[in-house]
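Trainee: Before we begin, could we look at the model together and reason through it piece by piece?

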Amino acid sequence: MVKIIAEAGVNHNGREDLAYKLIDAAHAAGADVVKFQTFKAKNLVTKDAQQAEYQKQNSGMTESQFDMLSRLELNYDLHKSLVAYCQNLGIEFLSTAFDKESLEFLVNDLELKTLKIPSGELTNAPFVLEHAVTGCDLIVSTGMASLAEVESALAVIAFGLTNKHHSEPSEQAFSEAYNSAAGQNALKRKVTLLHCTTEYPAPIDEINLNAMTTLESAFKLTTGYSDHSTGITIPIAATALGAQLIEKHFTLDKSMQGPDHKASLEPDELGAMIRAIRDVERALGNGIKGPQSSEMKNKSIARKSLVAAKHIKAGDVFNESNLTIKRPGAGLSPSSYWSQLGRIAQQDYAEGELINA
């Protein structure tokens with residue numbers, strides 16, 4: 001079953017009441033998971049770092065990343081309350097850590113069993129390793145990355161998952177772990193790769209959705225898609241292509257001020273996307289080609305049979321002039337036409353009567 005992550009991210013705008021409302025909306029829409037972002041601005045960014053262009057455009061503000069992120073932090077005590085709230089509703093809580101302190105909090109205090117490595121951290125090998133050594137299941141987003149960069153990150157993860165003897169990290173150790181049977185088995189058990197285009201919103205002609213299947217082919221791991229496009233079309237298409245996990249940003253109101261609201265779905269759109277994904281998932285079926293139960297009643301109506309083109313007497317020879325093919329399909333199959341030519345009719349047939357023997 002396709003797992004659907006409703007990405008609340010920082011669309012709570014730093015407000016406790018909106019965080020709870022986002023959980024309610026994700027649950028009502030039918031999402032499996034609601035995901036937030038956990039960080040300390042002081043650990044994440046320098047005070048002089050500027051916002052990305054999309055952040056400036058979407059928020060309408062020219063403040064620094066540090067000032068923006070400081071307003072969007074969720075304190076640790078609220079995290080604990082949000083986890084409890086999710087547990088009561090029956091929706092999984094997930095959060096992305098952007099610094100070591102936050103990662104340790106998610107693992108040691110919240111005891112999360114699944115972690116998300118965001119696209120921007122894929123080449124941050126020390127941080128990737130810190131994720132891997134937790135032993136948690138890892139969702140790895142690959143926006144902005146080449147296949148070589150993805151492979152490098154997976155090598156670090158393989159080392160972290162299998163380093164039983166606590167050897168020192170190194171490029172050689174990473175490579176050996178990645179190329180070992182134990183490393184590959186650990187990756188298959190623990191890692192899901194997400195194709196992603198890191199732009200908000202992502203241009204349709206740069207989605208490159210087929211790259212998701214390239215990831216699956218290259219690494220033989222569970223794959224999915226983290227969507228930053230507008231609307232719901234692309235996640236639905238990703239499901240049809242075989243995505244096992246879909247992640248999509250959502251908000252309570254696109255007109256709210258903040259960096260991600262404009263590229264997010266509103267609750268009714270999130271619900272429509274999830275319903276469509278579930279429909280596609282059911283429609284994909286088991287892949288075995290054969291008649292479906294709903295088709296059986298239509299077989300005799302839609303298919304054709306051998307039919308007497310004119311009156312045929314017992315003892316006549318079936319030939320091209322006295323045999324034809326018409327509906328319904330309750331008589332001999334037209335595929336037996338050539339084998340019937342030259343045979344002797346065993347009974348009389350009125351014109352239009354189905355040939356049964």
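Trainee: In which sense do S1 and strand S2 (residues 33-38) pair, and over how many bridges?
Mentor: A word on the basis: this is a predicted model, in which local features need pLDDT of at least 70 and side-chain atom pairs count only at pLDDT 80 or more, while totals for chains, interfaces and linings use all residues. Residues are numbered from 1 along each chain as its sequence is written, and side-chain values use heavy atoms, with hydrogens and water left out. Strands (E, at least two residues) and helices (H or I, at least four) are DSSP runs numbered from the N terminus, and two strands pair if DSSP finds at least two bridges between them. Ala6 stands opposite Val34 in S2, and the pairing of S1 with S2 is parallel, over four bridges.

Trainee: Which strand pairs with S1 over five bridges?
Mentor: Strand S1 (residues 3-9) has six of its seven residues buried, where buried means under 20% relative accessible area, exposed over 50% and partly exposed in between, with a 1.4 Å probe and protein chains only. Ile4 stands opposite Ile246, and the parallel partner over five bridges is strand S8 (residues 245-249).

Trainee: Which helix joins S1 and S2 in a β-α-β unit?
Mentor: The unit is right-handed, a term used if, with the strands pointing away from the viewer, the path from the first strand over the helix to the second runs clockwise. The helix in question is H1 (residues 16-29).

Trainee: Which element gives the largest share of the largest nonpolar core?
Mentor: A nonpolar core is a set of buried Ala, Val, Leu, Ile, Met, Phe, Trp, Tyr and Cys residues joined through side-chain atoms within 4.5 Å. The largest one has 77 residues, and Val34 and Phe36 are among those that touch the most other members. The largest share of this core, nine residues, comes from H8.

Trainee: What kind of aromatic pair do Phe36 and Phe93 form?
Mentor: Rings of Phe, Tyr and Trp (its six-membered ring) pair if their centres lie within 6.5 Å, with planes under 30 degrees apart counted as stacked, over 60 as edge-to-face and the rest as tilted. The structure holds seven aromatic pairs, and one of them, between Tyr20 and Tyr85, has its planes at 85 degrees and is edge-to-face. For Phe36 and Phe93, 5.8 Å centre to centre and 20 degrees between the planes, the pair is stacked.

Trainee: Why does the pair of Phe36 and Phe93 tie together parts that are 57 residues apart in sequence?
Mentor: Both Phe36 and Phe93 are buried. The pair ties together these parts because Phe36 lies in strand S2 and Phe93 in strand S3.

Trainee: Which residues does Val156 contact, leaving aside neighbours within four places in sequence?
Mentor: Val156 is found in helix H8 and is buried, with a relative accessible area of 5%. Helix H8 (147-162) is included in what covers the buried residues of H7, which are Phe127, Val128, Leu129, His131 and Ala132. With contact meaning heavy atoms within 4.5 Å, Val156 touches Ala125, Val128, Leu129, Ala132 and Phe174.

Trainee: Which backbone oxygen does the side chain of His228 reach, and at what distance?
Mentor: His228 is found in the loop between strand S7 (222-227) and helix H12 (233-240), and it is buried, with a relative accessible area of 5%. Not counting residues up to four places away in sequence, His228 touches residues including Cys196, Thr197, Thr198 and His249. The backbone oxygen reached by its side chain is that of Thr197, at 3.0 Å.

Conventions:
Polar contact = N/O pair within 3.5 Å; in protein donor to acceptor, adjacent residues only side chain to side chain.
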